[in-house]
Amino acid sequence: MAPDTNAALDSGDLWHENPFPQIPVVRLGPASDLGNPAVRGADSGNAHISTPLVEDLRALVDDYFAPPAAPGRRGRAVALVGGFGLGKSHALRRTYQTVRERHPEAAMWIVDEPAQDMGRLYRDRLRGPGDSAQGRQAFEELVRDYYAYVTAGWVSAQDDDPRRDTLQEIATGLRERALDPDKVVAALRYDPEVIHADLRGTLGEVTEHRRFATALALLLEAPFKRMVWNWLGGEEPAEPLRERGITEAIGPSGGGSGNAAGIDRVFDALAVQGFLHGRVGTAYVLLLDSLEKVLDWPEESRRTFMDAFERLVNIYTSHGGLLVFCTSPEGLRALRPSMHERVVQLWPTGLSDEHTRELVAKYLAASGEGAAAGTPATGPFEEEALRLLHELTEGVPREVLKVCRLAWQLSEEPEHPDDTGDTGDPDDSESPRVLVVRQVTGATVLKAVRQLHEQVSYRQVLNDVHDALDLGQWRIASRDPVPARLSRSPGGLDEVVHWLSPAPNAYLAVIHTRSVLLAGDAERIATHVQGLRSAVRPGRFEALLVVNGLVSQAMQDRLGRSIGSRPLVYRQGGFAQSVHEALLQLERRLVEEQREGDLAELGERMRRDLEQQQTAHLDELRRALAALTAEAQPGAAVPSAATAWPAGEPDGGVAELPVPVRRRFRDALAMLETVTRRVAGRAVNRRAAATPADLSVLGCATLVRELTEDFRGAVAAWARSAMPGAPTELQLSELRRICREYECAVEVLPVHLLGGAEHRHPLTPARTVEILAEEVWGSLSAAGVP
């Protein structure tokens with residue numbers, strides 16, 4: 001129930017600055033977006049609520065860092081999959097904050113979004129351990145630990161060395177980081193290639209291990225340290241590094257093949273740096289946002305990126321890393337199916353009603369506004385406003401915040417003098433006007449939603465519809481099938497902008513409407529469409545509703561049920577093609593309805609004709625059987641039904657039929673003749689008039705025989721006109737029509753009365769005539785005309 005408006009106005013609660021972000025988009029870029037520290041008015045906002053997505057992701061991160069961590073930390077890749085605005089980037093930012101707060105020792109790399117120029121991204125936007133002095137120091141210590149780890153492995157493997165016990169002690173000291181690996185290598189005179197061999201054995205199929213091995217070895221030498229860090233940061237290698245085999249930057253700029261090479265080198269660098277952490281048992285994390293942007297790249301770059309990314313996922317999952325990335329469903333489908341098995345998928349959904357209210361309350365609380373004590377958590381938002389807010393945005397966080405900000409602006413009003421204690425001093429007239437918000441109503445939320453989603457002009461929508469008509473060369477009706485007053489709904493909110501006539505006596509109405517937000521909007525549209533449908537009858541009618549604004553999924557389903565087709569919501573880019581495809585679907589539906597209507601009309605007409613014929617034949621049969629019964633003597637031969645109802649043609653007229661179907665017609669006509677003879681003979685032997693049951697069977701058999709003979713004649717005429725051996729598509733269509741008419745005619749007759757088969761025939765008379773059309777079509781369409 002909505003609160004009392006007057007009470008809200010008199011409560012003394014005043015809200016000033018708009019607490020909702022202007023552009024509610026989170027990016028893993030500026031420090032404010034990463035939460036260090038919270039910044040008033042930041043685009044991403046500073047409020048947080050624990051959604052199921054955030055909780056599920058936090059559980060996976062906690063499980064990754066749960067002890068025992070070393071040496072067998074289990075790697076994991078997590079995909080946050082969903083549409084825009086559902087909070088994927090926000091959850092990724094929370095992961096960053098959680099790792100930084102709880103596990104500051106973990107190495108972390110951040111990619112805010114992929115870029116075709118991966119070299120520039122690597123140099124300017126990729127955030128990692130090398131971004132700070134502390135991070136560089138930690139990485140140098142990691143490299144030293146890595147040397148110690150690899151050297152310890154080589155030392156402990158010398159089982160045939162007489163110094164075996166001493167070597168084992170040295171290996172233990174190296175693993176415990178108590179000995180300097182450089183001094184151990186120098187003292188034992190081991191080949192420095194051990195580091196190269198280790199990288200080669202593990203990363204040989206992933207990266208150019210030699211230049212990274214060289215760089216890592218030089219990183220611990222003071223004269224080369226700055227040069228190596230510059231190279232690891234994406235710069236061109238210095239001359240001393242070139243002399244030692246490091247000849248190219250990690251990520252070169254530019255397009256074409258150089259761009260593809262840059263993508264591979266950047267991912268190689270991430271793979272090597274991550275592998276080092278995993279090799280010595282320390283945690284390492286990569287956060288990547290907006291993977292779906294790769295889908296818009298040229299084919300070569302997109303394929304190179306996806307291949308490199310999948311190799312990186314394999315490194316992280318196999319060597320103890322944590323990789324979390326955000327993507328759309330389309331981006332996930334772009335990965336190979338085998339990759340889906342290695343990735344944990346989390347699919348966010350819209351906020352619940354309670355979470356929507358909590359989100360509003362958190363932003364209001366962050367603003368620190370509200371004049372009166374005891375202000376409710378959701379401040380000036382009325383209950384109806386909150387209900388509509390959740391219903392119309394479907395709980396999508398970004399949409400909730402956008403509507404809240406605009407609804408707040410629409411609710412602003414000048415502050416009254418009584419609110420500030422103004423005494424009316426003329427000197428105050430030059431002071432700036434102060435705007436305050438006392439309440440945000442449901443009507444204001446509706447107005448905000450319309451403004452946000454109805455930014456494209458009516459004329460622009462019509463232009464795209466025109467483009468769709470041009471695209472399909474759609475036939476516009478020569479005249480409107482309804483009066484002009486019916487083309488608009490009351491109030492003019494819905495309007496038929498085009499009447500199309502894709503077939504005779506068939507119409508497609510393209511209807512334009514604004515946002516469909518409330519039940520009343522849907523009811524108005526349904527009433528309008530039903531009125532058009534009634535006015536067009538007996539013609540066939542379909543409607544395409546084009547919505548210039550917002551319509552929720554639930555409302556789309558409701559409209560689809562009431563008007564017979566789902567509405568098409570206007571979207572910039574490719575909308576003309578969408579309209580064209582929707583019209584094609586509706587046209588096919590009209591054609592199918594016409595075909596079904598024609599068949600139903602044919603069946604009804606044949607049923608009436610057959611009833612008339614059956615009545616006449618029954619009268620004739622009744623007279624004939626009465627005469628036969630009166631004249632017949634005991635032992636006299638029963639007249640043949642073939643004499644009473646001659647076919648009138650040699651061999652029953654089947655000789656002129658195509659060879660594949662002659663036997664089928666001969667069998668069918670013979671079985672029908674047998675039925676007639678059997679019933680007539682039964683009546684004569686009883687020396688009584690035919691019973692009603694006998695007359696029904698005789699009438700049905702006679703009608704089916706006439707239909708079969710007409711069918712035989714039509715097939716024979718078709719065969720004479722068809723091209724020998726190769727009927728055209730048009731001729732096959734005519735044969736299909738002939739067979740279908742016979743099939744429909746038989747379906748309406750009680751052929752089950754014809755009785756069972758004789759002489760152990762596998763088919764009953766009823767089944768014989770029921771499948772005759774199907775057999776004729778199958779034989780002639782497959783074999784052609786002999």
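**Exercise 1.** Find out which residue of β10 stands opposite H512, then place the two strands in their sheet.

*Solution.* Start with the residue itself: in this predicted model, H512 stands opposite V546 in β10. Next, look at the strands. β9 covers residues 506-513 and β10 covers residues 540-547; the two run parallel and are joined by 8 bridges. Now zoom out to the sheet, which is open, has 4 strands in the order β8-β9-β10-β11, and shows mixed pairing. Its edges are β8 (495-503) and β11 (568-569), each of which pairs on one side only. Last, add the helix: α22 (residues 519-536) lies across β8, β9 and β10, and runs at about 155 degrees to β10.

**Exercise 2.** Work out how the axes of α17 and α20 cross, and which residues make the contact.

*Solution.* First, grab the helices: α17 is residues 383-393 and α20 is residues 442-453. Their axes come within 7 Å and cross at roughly 30 degrees. Angles under 35 degrees count as roughly parallel, so α17 and α20 are roughly parallel to each other. Then pick out the contact residues: α17 brings E384, A385, L388, L389 and L392, while α20 brings G442, V445, L446 and V449. Sorted by class, that's 7 nonpolar, 1 polar and 1 charged.

**Exercise 3.** Sum up the whole protein chain: what are its helix and strand counts, and what share of its residues is buried?

*Solution.* Count the elements and you get 30 helices and 11 strands. Then check burial: 48% of the 786 residues are buried. To finish, take the accessible surface, about 38100 Å², with 50% of it belonging to carbon and sulfur atoms.

Note on methods. Residues numbered from 1 in each chain as written. Predicted model: local features only at pLDDT ≥ 70, side-chain atom pairs only at ≥ 80, totals over all residues. Heavy atoms only, no water. Buried < 20%, exposed > 50% of the residue type's maximum accessible area, 1.4 Å probe, protein only. Areas by Shrake-Rupley, 256 points an atom, 1.4 Å probe, with all protein chains shown as cover. Axes fitted to C-alpha atoms, helices over the stretch in contact; angles between N-to-C directions. Parallel < 35°, antiparallel > 145°, perpendicular 65-115°, else oblique. Contact = heavy atoms within 4.5 Å. Nonpolar A, V, L, I, M, F, W, Y, C, P; charged D, E, K, R; others polar. Pairing = 2+ DSSP bridges.
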